[in-house]
Amino acid sequence: MSEVRKLDLAWFGLVLLSVGGAMLGGGQDHGFGVTVAVALVMGLKVRIVCGYYLELPTATRRIRRAMYTFCYGMPIVVILTSAFGDILARVTGALL
Amino acid sequence: MSDAAIALPHSPPAEGPPPGSPIPGGRIPGSKAMWVGIFCEVTEFALMFAVYFIARAHYPDVFHAGPEQLSLLAGTGYTLMLLTSGWCVARAVHSMRANRQSACLRWLIGAFVFGTGYPVIKLFEVRWNLAHGLNGEAGMFIVTYYYLTFNHLIHVFWGLLGMIWVMLRTATGTYSAEEYSGLESFAVYWHTTDIIWLMIFPLFYVLR
């Protein structure tokens, strides 16, 4: 498959994931499972942009590590703060 | 910084693996200066996301009800505009690599049109928000929302200005298949701005 074709498919996949992700969470009162699903969709979309648009696999190790830490860290933080929000509130409340 | 990275500060080498495939040591897409700016941008937004998560932990009920107040249609519209604009930019870079300057310019114009859709939607959304009483005194969720999204809007404006610059440079034949580091630097900035929006969107419009 040509590089250009991959870019087109990546865009199509991102559009589907965006619409699907919006439908997943929008308008419904959801629990932890949906939060995890939304975080996974976020991580997948970011991975596609990093891989095909930003071309991170060809970048230097430092750039790759820093960007992947940020990009994959966010969905993990979404899940953790959803699961342990009360602990975060207690810790930050004591600090602030 | 590795020797390989220092030796390849600009555009990809004329020979070697195609873009997208792993390269031992790697290269710096665009320029070092742009990556310094990008890491500053990422750090700035990481701090703002930390504020969001702490606020969410302290006001769970407010953040639970928050997304219902905003327009999911507008949020999805921003996402589609930015993703399509980013796709056009990626195609523009590939066109330049193939030494097709006119195609590159057409893709950049397309990217600009879709990119401009973002502030246009923002204008309508803010008017809609204010008509529904969602101003700076509407609670912690809305304040955090305005703070983060307006910061992102500023970065989009910077990107649109940069896009005008690279369009002019492309139109005047400054870039070539051998030297297009300016175009690629802009592209990595625009894609990073895109990535940050992909994080903001679910936090404010989807997650409850």
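This passage walks through a predicted model of two chains, A and B, taking chain B, the interface, two backbone oddities, a surface patch and the cysteines in turn.

Chain B is a good place to start. The chain has seven helices and zero strands, so its secondary structure, read along the sequence, is simply α-α-α-α-α-α-α. Of its 208 residues, 53% count as buried. As for how the chain contacts itself, take the contacts with a separation of 6 or more: 80% of those in chain B are between residues 24 or more positions apart. The accessible surface of chain B adds up to about 8,700 Å², and carbon and sulfur atoms hold 69% of that area.

Next comes the interface. On the chain A side, 48 residues are in contact with 49 residues of chain B. Together the two chains bury about 4,300 Å², with 75% of this buried area on carbon and sulfur atoms. Charged pairs turn up here as well, the count between chain A and chain B being three salt bridges. One of them pairs Arg97(B) with Glu55(A), whose side chains meet at 2.8 Å, N to O.

Glu55(A) deserves a second look. This residue sits in the loop between helix 2 (32–53) and helix 3 of chain A, and its phi is near 55 degrees, a positive value in a residue other than glycine. Glu55(A) is also buried, because its relative accessibility is 6% and the cut-off for buried is under 20%. So this loop residue combines a positive phi with a salt bridge to the other chain.

Chain B has its own case of a positive phi outside glycine: Asn99(B), where the angle is near 65 degrees. Asn99(B) is likewise a loop residue, found between helix 4 (72–97) and helix 5 (101–131) of chain B. With 43% relative accessibility, though, Asn99(B) comes out as partly exposed, whereas Glu55(A) is buried.

Back on chain A, a nonpolar patch shows up on the surface. Its members are Ile76(A), Leu80(A), Phe84(A), Ile87(A), Val91(A), Leu95(A) and Leu96(A), and together they offer about 730 Å² of accessible area. Two helices of chain A, helix 3 (61–83) and helix 4 (85–95), each supply at least two of these residues. Helix 4 gives the largest share, three residues. Phe84(A) belongs to neither helix, as its place is in the loop between helix 3 and helix 4. At a relative accessible area of 44%, Phe84(A) is partly exposed.

That leaves the cysteines. The count over all chains is zero disulfides. Why does Cys50(A) not pair with Cys71(A)? The closest cysteine sulfur to that of Cys50(A) is indeed the one in Cys71(A), but the two are 3.6 Å apart, which is too far for a bond, because a disulfide needs the sulfur atoms within 2.5 Å. Cys50(A) is buried, at a relative accessible area of 1%. In chain B, Cys104(B) is in no disulfide either, and the nearest cysteine sulfur, in Cys88(B), is 11 Å away. Cys104(B) is buried too, with 0% relative accessibility.

Note on methods
Residues numbered from 1 in each chain as written. Chains lettered and ligands numbered in written order. Predicted model: local features only at pLDDT ≥ 70, side-chain atom pairs only at ≥ 80, totals over all residues. Heavy atoms only, no water. Buried < 20%, exposed > 50% of the residue type's maximum accessible area, 1.4 Å probe, protein only. Patch = residues over 30% accessible without salt bridge, like charges linked within 9 Å, V, L, I, M, F, W, Y side chains within 5 Å. Areas by Shrake-Rupley, 256 points an atom, 1.4 Å probe, with all protein chains shown as cover. Salt bridge = Lys/Arg side-chain N within 4 Å of Asp/Glu carboxyl O. Helix = DSSP H or I, 4+ residues; strand = E, 2+ residues; numbered from the N terminus. Contact = heavy atoms within 4.5 Å. Buried area = accessible area lost by both parts, 1.4 Å probe.
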